[in-house]
Amino acid sequence: MEGEPAATPAKIQKGPAGLAQRDGGRYFQEMQESFKNNNKSREFPAHTAKVHSVAWSCDGRRLASGSFDKTASVFVLEKDRLVKENNYRGHSDSVDQLCWHPTNPDLFVTASGDKTIRIWDVRTTKCIATVNTKGENINICWSPDGQTIAVGNKDDVVTFIDAKTHRSKAEEQFKFEVNEISWNNDNDMFFLTNGNGCINILSYPELKPIQSINAHPSNCICIKFDPTGKYFATGSADALVSLWDVEELVCVRCFSRLDWPVRTLSFSHDGKMLASASEDHFIDIAEVETGEKLWEVQCDSPTFTVAWHPKRPLLAYACDDKEGKYDNNREAGTVKLFGLPNDS
């Protein structure tokens, strides 16, 4: 499982996927053309310290960011720029990850080291719920049906919280290092990446172990499902991104252009592009069906988080940037947007 299984790539040629291969050439050219004219990145001041997490609302109107400065920020996307709408205060420690409600564009949730998660409503700009948890929270995700929020902490406990009552429904203590967590798009399986390089799959809501896949030879860090439900991708400390078939649970292909541990992944809205980033000073944009490099976004420093817009080829990201050339200790705390017109 560590490389590319010899038998799987042949599978891709069959049926509709074979069409994707032929059609792929056209898509590849179209997107390269598009990025030739739209490869500008702009940065927008967001925080007073480094940005850990960026995420788009389901309608793509807003971008939220969470930071080491203990706050979350929300921007409104206007044409080719992000306009700061609000700053959300309340956490007493770093905001490590955040995510939006899957279908309600007004609600998002933040996970913090202060042992709480907070649900926010952009219409009232207030925190509508604070839920106390047992440990320092590092990972959070919202179920596709919007009913449950799962949060993982530094002690490898995952807590499932009812999004309406804000009460804990279930809690699981794992015997391994839990990294990123995610439901599948059908909401009937729950996935965890772990420190031993495995992907653990549980049934949902029963939370019974279904399978453990040896995905990587080292720490498996992040996981993302594509919007079409066909694939999921994992990123690892071995600097590889692997692409998995959701139905067959086999590795379809590996992307190996990064040299450092893969920290963050995002599929484009059509599921045809995959952005991955690390301490390398670029973000790799791959075509999913061929694995080819479609584009790379140059960065001056390591990238913590990437997120494709849910409707357009716009990529939000945040790096470990420092303020100015002379003061190397101050963190810039900016959010960046790639895919803007060159003349904007």
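A salt bridge is taken here as a side-chain nitrogen of Lys or Arg within 4 Å of a carboxyl oxygen of Asp or Glu. On that count, the structure, a predicted model, holds 15 salt bridges. A few of them are worth walking through, along with one strand hairpin.

Take the pair Arg123 and Asp106, whose closest N and O atoms lie 3.3 Å apart. This salt bridge ties together distant parts of the chain, with the two positions 17 residues apart in numbering. Arg123 sits in the loop between strand 8 (116–121) and strand 9 (126–132), while Asp106 belongs to the loop between strand 6 (95–100) and strand 7 (107–112). The two partners fall into separate burial classes: Arg123 counts as exposed because its relative accessibility, 56%, is over the 50% cut-off, and Asp106 counts as buried because its 15% is under 20%.

Loop-to-loop contact turns up again with Lys230 and Glu289, where the N to O distance is 2.9 Å. Here the partners are 59 residues apart, and again the pair links distant parts of the chain. Lys230 comes from the loop between strand 18 (220–225) and strand 19 (231–236); Glu289 comes from the loop between strand 24 (282–287) and strand 25 (293–298). As for accessibility, Lys230 has a relative accessible area of 33%, so it lands in the partly exposed class, whereas Glu289, at 12%, is buried.

Then there is Lys336 with Asp321, a salt bridge whose closest N and O atoms are 2.1 Å apart. Lys336 is part of strand 28 (residues 334–340), and Asp321 lies in the loop between strand 27 (315–319) and that strand. The two are 15 residues apart, and this pair too links distant parts of the chain. Both Lys336 and Asp321 are buried. The pair doesn't stand alone, either: Glu43 joins Asp321 and Lys336 in a network of salt bridges.

Moving from side-chain contacts to strand pairing, strand 16 (residues 198–203) and strand 17 (residues 209–214) run antiparallel to each other and pair over five bridges. Within this pairing, Leu202 stands opposite Pro209 of strand 17. The two strands make up a hairpin, with five residues between them. One residue of the turn, Leu207, has a positive phi of about 60°. As a general point, side chains in a regular strand alternate between the two faces of the sheet.

Methods. Residues numbered from 1 in each chain as written. Predicted model: local features only at pLDDT ≥ 70, side-chain atom pairs only at ≥ 80, totals over all residues. Heavy atoms only, no water. Helix = DSSP H or I, 4+ residues; strand = E, 2+ residues; numbered from the N terminus. Buried < 20%, exposed > 50% of the residue type's maximum accessible area, 1.4 Å probe, protein only. Pairing = 2+ DSSP bridges.
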